[in-house]
Amino acid sequence: MLTEVIVLNGGSSSGKSGIARCLQAVLPDPWLALGTDTLVDAMPASMQASEAGIEFAPDGQVIVGPEFRTLEAAWIEGVAAMARAGARIIVDEVFLGGVDSQKQWQRALGELRVLWVGVRCDSAVAAGREVARGDRVIGMAASQADVVHRGMVYDLEVDTTHAESMECARTIAAHVS
């Protein structure tokens, strides 16, 4: 049974995107990397500053409204449809809704073979990366580092606090069939 989808869940600046790029380099077949940033970037700018869409509070908290949730549900179903159509997909996610976020993905992915991966990183290290990146609201990394993992069930976990993205990608790739 071939793995069709790899879901990477972790907080902001935990290293998910770097791991996804490294996975694309080490896995033998082509894999698409899609993430929550892909969805947010595709939304109109007006939704990135409204109560109905998605708001990034000055303290790093992310607040999502009903219009965001509607588009997110459609996007998740679309990603699942691409996997069913034969695309192998790496999902770079931040489960802000906790267990409900994972359940939503599980329902959408249904019968597909999924490798669920928790990407952990010490909050202080993630916060340092956040500052170095310069493209995130300061505080997101610290506020998300632990909360996105509460109640999650993973097949595998990696920790980028001291491990490089390529090392984590190789660990994950060893579990992909």
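**View 1. Strands β2 and β5 pair in parallel.** In this predicted model, five bridges link β2 to β5. One place to look is A33, which stands opposite I90 of β5.

**View 2. An open sheet is built from five strands.** Read across the sheet, the order is β2-β5-β1-β6-β7. The pairing is parallel. Two strands form the edges: β2, residues 31–35, and β7, residues 156–159. Each of these edge strands pairs on one side only. From one strand to the next, the twist averages 20°.

**View 3. Helix α7 lies across part of the sheet.** This helix spans residues 165–173. The strands under view here are β1, β6 and β7, and α7 lies across them. Compare the directions of α7 and β7: the helix runs at about 170° to that strand.

**View 4. Helix α4 has a buried side.** The helix covers residues 99–109. Its buried residues are S101, Q102, W105, A108 and L109. Why do they sit on the same side of α4? They cover an arc of only 125° around the axis, and so they share one side of the helix. A general rule helps when reading such a pattern. An α-helix has 3.6 residues a turn, so residues three or four places apart point the same way.

**View 5. The buried residues of α4 are covered by other elements, and its opposite face carries exposed residues.** What covers the buried residues? The cover includes two elements from early in the numbering of their kind, β1 (5–9) and α3 (66–84). It also includes β5 (88–93) and β6 (114–120). Now turn to the face directed away from the buried side. There, D100 and R107 are exposed. Just after α4 comes G110, with a positive phi of about 45°.

**View 6. Cysteines C22 and C121 are buried.** How many disulfides does the structure hold? The count is zero. C22 is in no disulfide, and the nearest cysteine sulfur, that of C168, is 8.9 Å away. A disulfide needs two cysteine sulfur atoms within 2.5 Å. For C121, the closest cysteine sulfur is also in C168, at 9.4 Å, which is too far for a bond. Are C22 and C121 buried or exposed? C22 has a relative accessible area of 16%, so it counts as buried, since the cut-off is under 20%. C121 is buried too, at 9% relative accessibility.

Notes:
Residues are numbered from 1 along each chain as its sequence is written. This is a predicted model: local features need pLDDT of at least 70, side-chain atom pairs count only at pLDDT 80 or more; totals for chains, interfaces and linings use all residues. Side-chain values use heavy atoms; hydrogens and water are left out. Buried means under 20% relative accessible area, exposed over 50%, partly exposed in between (1.4 Å probe, protein chains only). Helices (H or I, at least four residues) and strands (E, at least two) are DSSP runs, numbered from the N terminus. The arc is that of the directions from the helix axis to the C-beta atoms. Contact means heavy atoms within 4.5 Å. Two strands pair if DSSP finds at least two bridges between them. Axes are lines fitted to C-alpha atoms, for helices over the stretch in contact, and angles run from 0 to 180 degrees between N-to-C directions.
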